Amino acid sequence: MLTGRDGTFAEARAALVRADGAVLIGPAGVGRTALARAVVADLPPRLFATVWITATEASKEVPFGALGRLLTGGHPALHPALVHSTVLTSLVERCGPARTPVLVVDDAHLLDGPSAGVLLGLVQARAARALLTVRSGVPVPDAVVALWKDVGLSRLVVPALTEAEVGALASERLAGPVSRSTTHLLWQWTGGLPHLAVALLDHGQEVGSLARDSDQWRWRAGLAVPAQVADLLDRELDRVGRPGEEALAAMALGGPLPLPVAEAAASPELLADLEQLGMVRSEERGDEVLVRLRDPMLGAAVRRRMSPARRRRIAAALLTGARQATPRGSHAVARALWAVHAGQPVDPPELVRSAGLCLYADPAASEQLARRAWQEGGGASAAVALSAALAEQGRAVEAYETLRTAARDADTAGDPTARVTVGVALAAHRLWVGREPRQAYDDLRRLRADADAAGRAELAVAGVLVQLFSGETARALASARQLLGESLPRGARLRVMLASVAALVLAGRTEEAVRVGRAVVEAVERAGSSAMPQIRGMAGAAVALAELWRQPTPTGPVSDPAAGRWPLPPDPLVSGLSPTAWPLFDGYAQRVSGDRAGAISRLRDAVAQQAGGNGMFRAEATGWLAVTLAEDGRPDEAEAVLRAHPVDAVALVPGLRPWALAAVAAATGRRARAGELMDEAIVVAHASGSWLVELGYLIYAAHLDPVAGPARYADRVAEALVHVDAERLVAAGRAVIALAGRDPTVILEHAHRLVDMNMTGEALKVAGEVGRRAGVTDTVRLAVDLRARLRSAVREDPARVAGLTARERQIAGLAARGLSDREIAEALVLSVRTVQTHLGRAYRKLAVTSRRDLSDALRPAG
């Protein structure tokens, strides 16, 4: 519970040892009491003695009530003038004459006035030192305020924990690393209050919401109120009274409310009181002010106390307030949900639109809206929306049956438009859930026979997406360009443009991809930023992927910490959560920059996220994680990932599976097999028209064999460079060509260029090649120095960085421990000549010339 409190702990302890004491101030649940206990427990017992007093609401009503245990004569009969001396005598008796009394007053804001006056007098007279805990945002007795304003007690604010501190607390509590997405979620749910965080962690373990996945703990469910804090939150709610709880209930049901709507549900004075108590907070968002609850945990507690009748009444009041305040269209989802809760009629198209807007932020709410739309006669579009919400929650069978029912209804009605709408959704289900892209494309093609012109256009748009995720980059790009030459509805046109952006990135035309992607984003923003959030999010992700290969430090897309498989920022009006970095992109970007540890952590998140719902990027998450694990010398873990989450036929990036298998083969010393698999991946990428991917594979393959690889692949790298304008990847490709030229000075220049492009991993590989050239020259020494600095930056295993095989690492390690060639040969049942051959190769790769230098060269950096 003291995570993140080291500084405050030290200040409080110093204030007690060297001065008159301290006051710890912070919100409820921030850990003031735990901090106070730790501080006094650390005081030298031969010098200090502690007396603990807890003020309560009950003791506040009685004069000297908080000091009752120190008034040996019984405070009801004791004259007020004698209280000070009686308390002082009691302290001396309890603490002894040789030790300084430390009076700890927990919840000092609840002290009755007379007790606060006695406390002030004791500290002023230097008869005792004091450590107080005070809740922020509540009235405090004047005598307590005087302790820090006039007497000089240190006033120490105990803030909520930062996100990093919540992560450290969770890791300590769970005795293991916690995924970054889970950390972000815990931090937002609890508002950084350690008491709530600990309770949620314990509750999650107990009910199975928090589970260990591979080497990380991950939260796998929605927010719940743990029993151990329910009473605490209930007491908080009881204190605000009925009007205050009604106002809180409105925000719990409606999410962050525009100020005019909030003031329709509660008076401005009441809102001000709740804000002072720390129950609500306000913030500016654009040109409006939103009022929200302190944290989602409080909202869950409020909803838990809400009866169906009360929910209906509050939802109706919110609707009335919204109509009077005329909120902007971005509040459409909230209005639709209020109408459903209030039992009021809503047009099915509005329900369907709102279900789509909150599909990824709150799929349960999306299901509720879509189901109501279907029940109200919303037809095929409502069924498709309901199926999407069910699939997003992992209920694939229900999603499929919903679509089958809608397809039968469309056939019965003889409605060709409905047939196409449902047929496209069924093909998408076959693609994303069934992972059968060829069958999905065949389904779309069969539907064309009975479709009208508009239907055929919709089917063609869906077909582009299937082509794109079947590894047919060039075909998808050609189809998209043909469609963009035709007349399409706005939404369909934007989807085709989005598909073309992704295809352009894969084809290596990143500059054009950025231009088209930004046009998509601008078009969506002109239509209203909340009108098509999925398209806007995906377009932003496509632009970020293009910029990843163009900028040393690209800005990545963000996602919802609770449903992070989509590059879509959460709508604070729906989820109440702020965004986090999209794990899939973030992990891949860290891999490109050479941060394997960070990449592995984020890609594990991505694999878990993509495994549920419509895992559009399931293959990419799995493949990238397996490759990074293998590169990090963890081939067993890489193989386990590939077994648990096989790379299937649905992939945006062609050739992922052979690449991942090649990385595993290379990590286990099977270089020849790794080369064969990389050649397979290169052929797949070339056949798809994905020049950017092909160039990446060629570079990877060239480094598998540091001697022959660059020369073998240099010409093909040069050919691919003609088609690719991605500056970072181009720099890595040119470095391979330089390696084939074997000029150490030129190679070192390219290594520095890669450092400038923030590609540390590639720079390490290239710098390592310099050390393999014959002789020890100034250039080689510079390369060794560069590698040492880069290793320090990324904390790499130098043997792995230098490209030592498993046998070379084994023999070099034994040599570094002082074993002779013969001793190594006997230990490994090898000939002395074989040992000397492997050791000589290790020397060249590590750029050392003797056993004396070997130990330092093999020592991990950091």
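Helices here are DSSP runs of H or I at least four residues long, numbered from the N terminus. Keep that in mind for the views below, which all come from a predicted model.

**View 1. Helix H27 and the glycine that follows.**
Just after H27 sits Gly594, with a positive phi of about 100 degrees. The helix itself covers residues 583-593, and eleven of its eleven residues are buried, so H27 is largely enclosed by the rest of the structure. Starting from the front, the buried residues include Pro583, Leu584, Phe585 and Asp586. Further along H27, Gly587, Tyr588, Ala589 and Gln590 are buried too. Arg591, Val592 and Ser593 are also on the buried list.

**View 2. Asn614 in a loop between two helices.**
Look for Asn614 in the loop that links helix H28 (596-610) to helix H29 (618-631). Is Asn614 buried or exposed? Its relative accessibility is 18%, so Asn614 counts as buried, given that the cut-off for buried is under 20%. Which residues does Asn614 touch, once neighbours within four places in sequence are set aside? Ala391 and Glu392 are in contact with it, as are Trp432 and Val433. Arg565 and Trp566 complete the set of contacts for Asn614.

**View 3. Ala523 in helix H25.**
Ala523 belongs to helix H25, which takes in residues 510-526. With a relative accessible area of 17%, Ala523 is buried, because the limit is under 20%. For a sense of scale, pick out Ala334 as well: Ala523 and Ala334 are 189 residues apart in sequence, and their C-alpha atoms are 25 Å apart in space.

**View 4. The E6-E7 hairpin.**
Strand E6 (residues 210-213) and strand E7 (residues 216-219) run antiparallel and are joined by four bridges. One place to start is Arg212, whose bridge partner in E7 is Trp217. The two strands form a hairpin with two residues between them. In that turn, Ser214 has a positive phi of about 60 degrees.

**View 5. An open sheet of three strands.**
The strand order in this open sheet is E8-E10-E9, and the pairing is antiparallel. Strand E8 (257-258) and strand E9 (280-285) are the edge strands, each pairing on one side only. E8 meets strand E10 (residues 288-293) over two bridges, in the antiparallel sense. To find your way in, go to Leu257: its bridge partner in E10 is Val291.

**View 6. Two buried cysteines.**
How many disulfides turn up in a search of the whole structure? The answer is zero. Cys95 is buried, at a relative accessible area of 4%. Cys358 is buried as well, with a value of 0%.

**View 7. Zooming out to the chain.**
The chain carries 43 helices and twelve strands, and 55% of its 862 residues count as buried. Its C-alpha trace spans about 100 × 85 × 45 Å along the principal axes. Take the contacts between residues at least 6 apart in sequence: 66% of them join residues at least 24 apart. The accessible surface adds up to about 35,400 Å², and carbon and sulfur atoms account for 51% of that. As for charge, there are 100 positive and 94 negative charges, and their mean positions lie 3 Å apart.

Note on methods. Residues numbered from 1 in each chain as written. Predicted model: local features only at pLDDT ≥ 70, side-chain atom pairs only at ≥ 80, totals over all residues. Heavy atoms only, no water. Buried < 20%, exposed > 50% of the residue type's maximum accessible area, 1.4 Å probe, protein only. Contact = heavy atoms within 4.5 Å. Pairing = 2+ DSSP bridges. Areas by Shrake-Rupley, 256 points an atom, 1.4 Å probe, with all protein chains shown as cover. Lys, Arg positive; Asp, Glu negative; His and termini not counted. Charge placed at Lys NZ, Arg CZ, Asp CG, Glu CD. Disulfide = S-S within 2.5 Å.
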